[in-house]
Amino acid sequence: MYEDFSRDSFEERREGLLLGMGNPLLDISATVDDKFLKKYELKSNNAILAEEKHKSMYDELIELYKADFIAGGSVQNTMRVAQWFLEKPRVATYMGCVGIDKYSKILEERAKADGLNVRYQYTNKEPTGTCAVLITGNDRSLCANLAAANCFSLSHIEEPENKKLIEAAEYIYVSSFFLTVSPETIQAVAQHANEKNKMFMMNLSAPFLCEFYKTPMLAALPYVDILFGNETEADTFAKLNDFGTTDRKEITLKLSQMPKVNDKRQRVVVITQGADHILVAKDNKVQEFPAIKLPAEKVVDTNGAGDAFVGGFLAQLIQGKDIDVCIKCGIWAATQIVQRSGCTYEGKPTFTL
């Protein structure tokens, strides 16, 4: 068992054990060329929020390219993948804000079909958020128009039914993307997790968040028991927080040693590096886990690989599995997802140690 993270008793795969909060988005996914990226001033293998200059891009993708519509949003993807492994409905609950439109109906139908207990907040102020997923070769550029996702408010988690779901959860996961929407909600659930000695987990999510949302990120970090991120996010965080090193092992270790409110367990930090080794800081040591290197012709779409990794990890964690099992399941999940378009899967997972 994952010693310092074990609960008094594992309620294996019970409903509501895992709670995710984030920005529900409908992914509009298409293969484009470098000219398209240049036209909208986008970089491959990057993630940004849409500006005014990007607004026409979504219609252009739908009209001129063979765009796929996929239920998305980082945390929603992670919860869907976790549910895939758990094979029991409603173990995971998901909260986020959507519009009252056909896109939110598509999102809800697909998320529920994947076994999620969806508790959307609905707004009539904005349409459901969308994310352009622009694929160039094996790279992808994400440009999210949050729209309704921006309207999530603290009042949603104060509703009696939702409050019960937060009380029921023993594991809570948020993305740093949610810092752009409702940092006060993150603070509220983080403090709740601390008071009840629950597991609070977070993802660095994107380099721009480490820079432009540094203050709310640093406010949330002391509550984080497990922190996820990729190599560019870790590098950016280290640079902006004066770590004084570019050595990723040192960065991973320093992230784990930053101040922490709950001193009952040390923070674990998990940094993925694409096809390179995964770095894990635990108990003041850094371990490396080899990633699975696929032949280039098998890689279809790297979008969602990070989300899938966390989904596989969490599916094992909430069942009390060792850290190495959590990591290996995360790697396996990411490897499956990159062989398909979008964060999608089919059949039953065949993960074995």
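**Exercise 1. Work out how exposed the two partners of the D283–K282 salt bridge are.**

Start with D283: in this predicted model, its relative accessibility is 37%, so D283 counts as partly exposed. Next, find the partner. D283 forms a salt bridge with K282, and the closest N and O atoms sit 3.1 Å apart. Now check K282: its relative accessible area is 12%, so K282 goes down as buried. The cut-off for buried is under 20%. So here a partly exposed acid is paired with a buried lysine.

**Exercise 2. Find out how many salt bridges the whole structure has, and where the partners E87 and R119 reach to.**

Step one is the count: a search of the whole structure turns up 14 salt bridges.

Step two, take E87. Its partner is K348, with 3.7 Å between the closest N and O atoms. These two are distant along the chain: E87 lies in the loop between α3 (74–86) and β5 (92–99), while K348 lies in the segment after α13 (323–337), 261 residues apart. For exposure, E87 comes out as partly exposed at 44%, whereas K348 is exposed at 64%.

Step three, take R119. This arginine bridges to E161, the closest N and O atoms being 3.4 Å apart. Again distant parts of the chain are linked: R119 is in strand β6 and E161 is in helix α6 (residues 160–168), with their positions 42 residues apart in sequence. R119 is partly exposed, at 21% relative accessibility.

Step four, look for a network. D225, K260 and R265 are linked to one another by salt bridges in this way.

**Exercise 3. Lay out the nine-stranded sheet and say which strands are at its edges.**

First, write down the order: β6-β5-β1-β9-β10-β11-β12-β13-β14, an open sheet with mixed pairing. Then read off the ends. β6 (117–123) and β14 (285–289) each have a single partner strand, so one side of each has no neighbour in the sheet. As for twist, neighbouring strands are turned by 20 degrees against each other on average, with direction ignored.

Now zoom in on one pair. β11 (residues 226–230) and β12 (residues 268–273) run parallel and share five bridges. Within that pair, I226 stands opposite V268 of β12. Finally, add a helix: α7 (residues 183–195) packs on the sheet, where it touches β1 (18–21), β9 (171–175) and β10 (199–203). The direction of α7 makes about 155 degrees with that of β9.

**Exercise 4. Do likewise for the five-stranded sheet, and name the helices packed on it.**

The order is β3-β8-β7-β2-β4, in an open sheet with mixed pairing. The edge strands are β3 (46–49) and β4 (68–72): each has a single partner, so one side of each is left without a neighbour in the sheet. From one strand to the next, the twist averages 20 degrees.

For a pair to look at, try β2 (residues 25–31) and β4, which are antiparallel and joined by five bridges. S29 has D68 of β4 as its bridge partner.

Two helices are to be placed. Helix α2 (residues 57–64) touches β2, β4, β7 (129–136) and β8 (139–145), and makes about 60 degrees with the direction of β7. Helix α4 (residues 102–113) touches β2 and β4, at about 65 degrees to the direction of β4.

**Exercise 5. Describe the surroundings of T344.**

Locate T344 to begin with: its place is in the segment after α13. Leaving out neighbours within four places in sequence, the contacts of T344 are I70, R80 and I337. There is also a polar contact of 3.2 Å between the side chains of T344 and R340. For a longer-range check, compare T344 with E63: they are 281 residues apart in sequence and 23 Å apart in space, C-alpha to C-alpha.

**Exercise 6. Decide why C97 and C151 do not form a disulfide.**

Run the global search, and zero disulfides come back. Then look at C97: the nearest cysteine sulfur is that of C151, 5.3 Å away. A disulfide needs the sulfur atoms within 2.5 Å, so 5.3 Å is too far for a bond. To finish, compare exposure: C97 is buried, at 1% relative accessible area, while C151 counts as partly exposed at 24%.

How values were computed
Residues numbered from 1 in each chain as written. Predicted model: local features only at pLDDT ≥ 70, side-chain atom pairs only at ≥ 80, totals over all residues. Heavy atoms only, no water. Pairing = 2+ DSSP bridges. Helix = DSSP H or I, 4+ residues; strand = E, 2+ residues; numbered from the N terminus. Axes fitted to C-alpha atoms, helices over the stretch in contact; angles between N-to-C directions. Contact = heavy atoms within 4.5 Å. Salt bridge = Lys/Arg side-chain N within 4 Å of Asp/Glu carboxyl O. Buried < 20%, exposed > 50% of the residue type's maximum accessible area, 1.4 Å probe, protein only. Polar contact = N/O pair within 3.5 Å; in protein donor to acceptor, adjacent residues only side chain to side chain.
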